[in-house]
Amino acid sequence: MGFTTVNTNKKLSIEQSFEIVLFNKLNEIKCNDLGTIDALLNSLDGFYMEGKSSDQTMDIYKLKSSYKKYISIGVYSEYKGFRFESISPVIYNYILKNGVYKEKFSKKDFFMLVYKIGNEEYLLKKSYYNGQSYYLVDTYCAYD
C-alpha cells in the first residue's frame with residue numbers, strides 16, 4: 001500500500017512509511033460520518049487527544065513522544081476533513097510533485113497553497129519553528 005488518493009491510484013515510489021499508511025487511511029475515511037476519524041485515532045494506541053485548536057475548530061491528536069516521530073492530526077469538528085502535520089516531508093513532497101497547483105488560499109495572515117490530484121484538493125503549508133521544518137496538509141470531503 002503506497003500513498004494513494006481516494007480517486008486515483010498513483011503510488012509513492014519509496015518505501016512505505018507509517019505517515020503514508022496513516023494519511024492514506026485518514027484520506028480514505030474523511031467523507032464518512034463526523035466522528036469517524038476521531039474514533040480511529042482514539043482506537044490507535046499511539047495517539048492521544050491533546051485538546052482543541054486555539055480557534056476551537058478542530059480536535060488535536062498527537063503521536064506519543066515514545067514513537068520518536070512528530071505527527072499531529074487536527075480533526076475538523078464542523079465539517080469532514082483533517083489537517084496532517086509532520087516533520088517528514090514525504091506526503092507534502094508527493095503532493096507537490098504529482099499535484100497540479102490551483103491557487104493560494106488566504107485567511108487573515110495565514111495562507112496555504114492548493115494542489116489538486118484527481119478530484120481531490122490538498123492545502124499545503126511548510127513552516128519553521130525552532131529550526132525545525134513542519135509540513136501541513138489539509139484535506140476536506142468534496143462531497144458535502
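## Worked exercises: a disulfide, an aromatic cluster and two spaces

Cysteine 31 and cysteine 141 are joined by a disulfide, with 2.2 Å from S to S. The model is a predicted one, so please read each solution with that in mind.

**Exercise 1. Work out the handedness of the disulfide, and place its two ends in the chain and relative to the surface.**

*Step 1.* Start with the cut-off: two cysteine sulfur atoms count as a disulfide within 2.5 Å. The count by this rule is one disulfide.

*Step 2.* Next, look at the torsion. About the S-S bond of cysteine 31 and cysteine 141 it is about 115°, so the disulfide is right-handed.

*Step 3.* Now locate the ends. Cysteine 31 sits in the loop between helix 1 (18-29) and helix 2 (36-43), while cysteine 141 belongs to the segment after strand 8. The two are 110 residues apart, so the pair links distant parts of the chain.

*Step 4.* Finally, check accessibility, remembering that buried means under 20% relative accessible area. Cysteine 141 has 10% and therefore counts as buried, whereas cysteine 31, at 26%, is partly exposed.

**Exercise 2. Describe helix 1 and follow the aromatic contacts of phenylalanine 23.**

*Step 1.* Take the helix itself. Helix 1 has 12 residues and spans 17 Å from first to last C-alpha, close to the expected 16 Å. Its buried residues are Glu19, Ile20, Leu22, Phe23, Asn24, Leu26, Asn27 and Ile29.

*Step 2.* Turn to the rings. The whole structure holds nine aromatic pairs. One of them is phenylalanine 23 with phenylalanine 82, at 5.5 Å centre to centre and 65° between the planes, an edge-to-face arrangement. Phenylalanine 23 is in helix 1 and phenylalanine 82 in strand 4, so this pair ties together parts that are 59 residues apart in sequence.

*Step 3.* Compare the contact with tyrosine 122. Here the centres of phenylalanine 23 and tyrosine 122 are 6.2 Å apart and the planes lie at 45°, which makes the pair tilted. Tyrosine 122 is in strand 7, 99 residues from phenylalanine 23.

*Step 4.* Add burial. Phenylalanine 23 has a relative accessible area of 0%, so this residue is buried; tyrosine 122 is buried with 0% too. Phenylalanine 82 is also buried.

*Step 5.* Put the rings together: Phe23, Phe82, Phe84 and Tyr122 make up one aromatic cluster.

**Exercise 3. Characterise the largest pocket and the largest cavity by volume and lining.**

*Step 1.* Begin with the pocket, which holds about 560 Å³ of space. Its lining has 26 residues, and those closest to the centre are Asp55, Met58, Tyr76, Arg83 and Phe110.

*Step 2.* Assign the lining to elements. Strands 2, 3, 4, 5, 6, 7 and 8 each give two or more residues to the pocket, and strand 3 gives the most, with four.

*Step 3.* Sort the pocket lining by class: 12 residues are nonpolar, six polar and eight charged.

*Step 4.* Move to the cavity. There is one cavity of 30 Å³ or more, with a volume of about 50 Å³. Its lining includes Glu19, Phe84, Tyr92 and Tyr135.

*Step 5.* Strand 4, helix 3 (90-98) and strand 8 each supply at least two residues of this lining. By class, the cavity lining has six nonpolar, two polar and two charged residues.

*Step 6.* Link back to Exercise 2: Phe84 is part of the aromatic cluster and also lines the cavity.

Key:
Residues are numbered from 1 along each chain as its sequence is written. This is a predicted model: local features need pLDDT of at least 70, side-chain atom pairs count only at pLDDT 80 or more; totals for chains, interfaces and linings use all residues. Side-chain values use heavy atoms; hydrogens and water are left out. On a 1 Å grid over the protein atoms alone, a cavity is a set of points where a 1.4 Å probe fits but cannot get out, and a pocket is an open set with protein on both sides within 12 Å along at least five of seven lines; lining residues have an atom within 4 Å of a point. Grid points are joined across faces, edges and corners, and a volume is the space filled by probe spheres set on the points. Ala, Val, Leu, Ile, Met, Phe, Trp, Tyr, Cys and Pro count as nonpolar, Asp, Glu, Lys and Arg as charged, and the others, Gly among them, as polar. Buried means under 20% relative accessible area, exposed over 50%, partly exposed in between (1.4 Å probe, protein chains only). The expected span of a helix is 1.5 Å times one less than its number of residues. Rings of Phe, Tyr and Trp (its six-membered ring) pair if their centres lie within 6.5 Å; planes under 30 degrees apart count as stacked, over 60 as edge-to-face and the rest as tilted.
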